[in-house]
Amino acid sequence: MIPELGHFALILAFFVSLVQGVLPLVGAHKNRADWVAVARPATAASFLLVGVSFACLTWAFYVNDFSVEYVAGHSNTQLPTMYRLSAVWGGHEGSLLLWVFMLVGWAAAVAAFSRQLPAAMVARVLGVLGLVTVGLMAFVLLTSNPFDRLMSPPAEGRSLNPLLQDPGLIYHPPLLYMGYVGMAVAYAFAMAALLAGQLDAAWARWSRPWTTVAWVFLTLGIALGSWWAYYELGWGGWWFWDPVENASFMPWLVCTALIHSLAVTEKRGSFKNWTVLLAIAAFSLSLLGTFLVRSGVLTSVHAFATDPKRGLFILILLAVVVGASLLLFAARAPKVSPGGRFELISRETFLLVNNVLLVVACGAVLLGTLYPLIVDAFGGGKISVGPPYFNAVFIPIMLPLLVLVALGPVARWKQADLPAMLKKLWPAAVAAVAAGIVLPMLAGEWHAYVALALALVGWMSAALVLQTIDRLKAGSPTASWWGMQIAHFGLAVMVVGIAMVSTYQEERDVRMEPGETVSVGGYTFKFLGVKESRGPNYTADVGTFELSQDGKLMRLLHPEKRAYDTSQMPMTEAAIDAGFTRDVYVSLAEPLSPDVENGPWAVRVYFKPFVDWIWGGSLLMALGGLLAAADRRYRIRAKSSAAVAANAAGAAA
Amino acid sequence: MKPRHKRIALITGGLATVGIAAALVLNALNSNIAFFVTPTEIAEGKAPQGQIFRIGGIVKEGSIRRDNLTVHFAITDTAKEVPVTYTGILPDLFQEGKGAVAQGRINPDGTFTATEVLAKHDENYMPPEAQHAVDQAQKAQKTIKQ
């Protein structure tokens, strides 16, 4: 009964969302307050219904109801409870239900936390979100119903893919989806403004905190995915330019551009059309990402067995979204008033360049990701585009951005004084040169690439310090200003990590007999042997390694090779000794003479300097975003405008 | 500066950025594309010489032979097969009888030296390129029978 209840709740939610998508939009257009008033209750109802549906699926996993096909395919009685619950989003159907749940969750949050916005605006935003929800729910109900029953339920489920039996899976997909789906909110605000013909600074101010929070989730989701790949896949890499990674990275790049362009729209009233286009692009890219992941058209490490029908559905949805939004844009854009003027040297220009660079970078990533599809479609044969392409294109486009990050915040709006800015920033330039020359030498060998990266880091960090001193003299800065500084500092920290690890990392694949040693980066691993041990639903070969530096024993490391009971697939669990300036990493590959007791193993050891700075930098960026979104002005001004409205109402009475 | 000059400067700047990016893209695409070749095509001598490319198919049953860290195996599309050598650590999902995609170069003696063997997340998943190779070979066999 419970799964049917879940299915029924989802069908009900579909119709409620249809109401949420139609009535408020029509009501806002025709000025009918009663229809506009439907938006909030409909959103809440849809949220509750999808919540019930999601809870039903979770329950089916909790009680091991293998008569549900999706549960039978992704769970197992031996699976620890924690993973049985996270297995809800371990497959296609469940992860889409999570997508929809997040979407109605965002809508409910907008409904709850936008009391100060005009009712018609909220109605339009919720209406657009309702229409998006309808599209995705139709997708779930028609092609990927997680509640489908099996005629003859198996006694035992097929279990969850062992790779996904990891704490990373509990957080990574929900965070990433929160970000993906959050793009829908930025999109809904842009559409609502277009529909109302009210593209102004007020709209940008309403949209900004939501866009920033969505960006924070996307940042955390991508960073967590990268960290998960690093330790769980046992490859030791942190970014592979895999199509699925790119699918999440492209909306991130565009959303980063959007955040900056929204700042201009709010403060100066410029870039309005451009901001709207970015919001459309960010959401379209997150739909495209879903299509790429779910259709299996690209060879990817993330590719799971897929169904072409599903890909087609998302492609149609994407076409409808892009087509409808651009039509609306074409109809309304000519009426948009031009924003404030600005001189060639001004903060506007710096932010414009930021936007151009981020969008061009996104275009290059998009081209590289889709190129194999394009070539194949035109009969050019099957090809693949490798990571060197992305590095060769992406890095040169990003370098100017790192230079500008220091200049933009110093520049004044409208008209900036370049000589005065340079006068203020010359110590940063000195710091940059010093950092470029000295720091790589401290790291061991001087490389031009690291020197350039560290010079840029020196430039960015010194400029940040100078600005902060300057700003503190002028009085205490706002939360959003601190947010910007912290996020930009996070970028600098991340660049350190990327430059150091990609230049100075050491990797060795070796054959080791018990008692043998191997060294990387000044650390020595001594292989003591492998013992069998039993986990809840797997058997593991647990290796023991002594990690030492300069002859001093530091600790024991225990990498594992697991064989899950329900799967033929072995799993590598790396052992990592993490540190502030470096990680050392060891993983067991395979026994080279499986028949011999205490025989040799193929072992992979890594030395990864500063690799944790990459994720540390991402965390700082996310923290900066949170601070910026929490700025009081988004609430205070809203209150004062509410007060104005109340006064006006009082005066009228 | 006059507004017209300003606009010209901004547009020139934008075009220059896009132009540089396009040049980077074309240059990088040229040198970083790996073509995909099936074992049958290699047998027909259609493999690009001295260039990195990808092959895909099934890892032939009983073909894996280890020599310390060097692994020898054969990739087949059910019609033809290619002997492959790879030095290093293979992904967990690399198994006999399963699909695999390898990237590397062909040697004059007809063996393939892989620099990379692709990993998958899911044991029931068949790489599209491997599937394509097998489909092609089976289509060809059907045509011959008819």
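Which residues of chain A form a nonpolar patch on the surface? In this predicted model, local features need pLDDT of at least 70 and side-chain atom pairs count only at pLDDT 80 or more, while totals for chains, interfaces and linings use all residues. Residues are numbered from 1 along each chain as its sequence is written, chains are lettered from A and ligands numbered from 1 in the order written, and side-chain values use heavy atoms, with hydrogens and water left out.

The patch is made up of I2(A), L5(A), V52(A), W59(A), Y62(A), V63(A) and L85(A), and together they offer about 580 Å² of accessible area (Shrake-Rupley method, 1.4 Å probe, with only the protein chains shown counting as cover for residues). Two helices, α1 (2–30) and α3 (39–62) of chain A, each put in at least two of these residues, and α3(A) gives the largest share, with three. Y62(A) sits in helix α3 of chain A. Because its relative accessibility is 43%, Y62(A) counts as partly exposed (buried is under 20% relative accessible area, exposed over 50%, partly exposed in between; 1.4 Å probe, protein chains only).

Now for chain B. It holds three helices and seven strands (DSSP runs: H or I of at least four residues for helices, E of at least two for strands, numbered from the N terminus). Read from the N terminus, their order is α-β-α-β-β-β-β-β-β-α. Of the 146 residues in chain B, 42% are buried. As for its surface, chain B exposes about 7,600 Å², with 54% of that supplied by carbon and sulfur atoms.

Conventions. Patches are made of residues with over 30% relative accessible area and no salt bridge: like charges are joined within 9 Å, nonpolar side chains (Val, Leu, Ile, Met, Phe, Trp, Tyr) within 5 Å. A salt bridge is a side-chain nitrogen of Lys or Arg within 4 Å of a carboxyl oxygen of Asp or Glu.
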